[in-house]
Amino acid sequence: MSGEPILNPATPARPVDVEAIIARNTVRRAVFVGPPLVALFGAFRGLDGAVGSLIGLAIVVANFLLAGLILSAAARVSLGLYHAAALFGFLLRLVMVSITMLAVAGLADVDRVAMGVTAVAAYLVLLSWEAWAVARGAERELEWIS
């Protein structure tokens, strides 16, 4: 790869932000992953559990969107920057997620268990779901990469 942006065959002059598309697809699936988690924590830990679960889900969604934005922007610059953004961006986002969760827990009275378990579970489920969808070719916007 030369680091040049990959062009969309439908509109050859416009590069496709693959990473941003993948991030948006992942976030769309949060609609299916989030409600069961919120309901589960709401049933077992009450309103505080449901609110904590919603906050954990929101943090994960923001993390995926930020990842797509960072990687898409880096891919437009160079392949080396893209690789650096993938590695260091992941570490930076993990630190940001941790700091955000600690700040929320320190500033507001939220159910920390619900927030933390939801964040970890939603992250793993959404990441696995998106990887499976891309691997089996379910992402129509990405057909040109085959």
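Q: In what order do the elements of the chain run from the N terminus on?
A: This is a predicted model, in which local features need pLDDT of at least 70, side-chain atom pairs count only at pLDDT 80 or more, and totals for chains, interfaces and linings use all residues. Residues are numbered from 1 along each chain as its sequence is written, and side-chain values use heavy atoms, with hydrogens and water left out. The chain has three helices and zero strands, where helices (H or I, at least four residues) and strands (E, at least two) are DSSP runs numbered from the N terminus. From the N terminus on, the order of the elements is α-α-α.

Q: What percentage of the residues of the chain count as buried?
A: A residue is called buried under 20% relative accessible area, exposed over 50%, and partly exposed in between, with a 1.4 Å probe and protein chains only. Of the 146 residues of the chain, the share that counts as buried is 35%.

Q: Which helix gives the most residues to the largest nonpolar core?
A: A nonpolar core is a set of buried Ala, Val, Leu, Ile, Met, Phe, Trp, Tyr and Cys residues joined through side-chain atoms within 4.5 Å. The largest one has 17 residues, and Val-60, Met-101, Met-115, Ala-122 and Leu-126 touch the most other members. Two or more residues come from each of helix H1 (18-77), helix H2 (79-107) and helix H3 (112-135). With eight residues, the helix that gives the most to this core is H1.

Q: Which residues does Met-101 touch, not counting residues up to four places away in sequence?
A: Met-101 is found in helix H2, and it counts as buried because its relative accessibility is 17%. The C-alpha atoms of Met-101 and Ala-119 are separated by 9.3 Å, although these residues are 18 apart along the chain. With contact taken as heavy atoms within 4.5 Å, and residues up to four places away in sequence not counted, Met-101 touches Ile-59, Met-115, Gly-116 and Ala-119.

Q: Against which helices do the buried residues of H3 pack?
A: Helix H3 has 24 residues and reaches 34 Å from its first C-alpha to its last. Its buried residues include Met-115, Ala-122, Leu-126 and Glu-130. These buried residues of H3 pack against H1 and H2.

Q: How many residues apart in sequence are Glu-130 and Arg-29, which form a salt bridge?
A: A salt bridge is a side-chain nitrogen of Lys or Arg within 4 Å of a carboxyl oxygen of Asp or Glu, and in this pair the closest N and O atoms are 2.2 Å apart. Glu-130 is buried because its relative accessible area is 4%, and Arg-29 is buried as well, at 13%. The pair links distant parts of the chain, with Glu-130 in helix H3 and Arg-29 in helix H1, and their separation in residues is 101.

Q: Which residue pairs with Arg-45 in a salt bridge?
A: The whole structure holds three salt bridges, and in one of them the side chain of Arg-45 takes part at 2.5 Å, N to O. Arg-45 lies in helix H1 and its partner in the loop between H2 and H3, so the pair ties together parts that are 66 residues apart in sequence. Arg-45 is partly exposed, with a relative accessible area of 41%, whereas the partner counts as buried at 10%. That partner is Asp-111.

Definitions and conventions. The expected span of a helix is 1.5 Å times one less than its number of residues.
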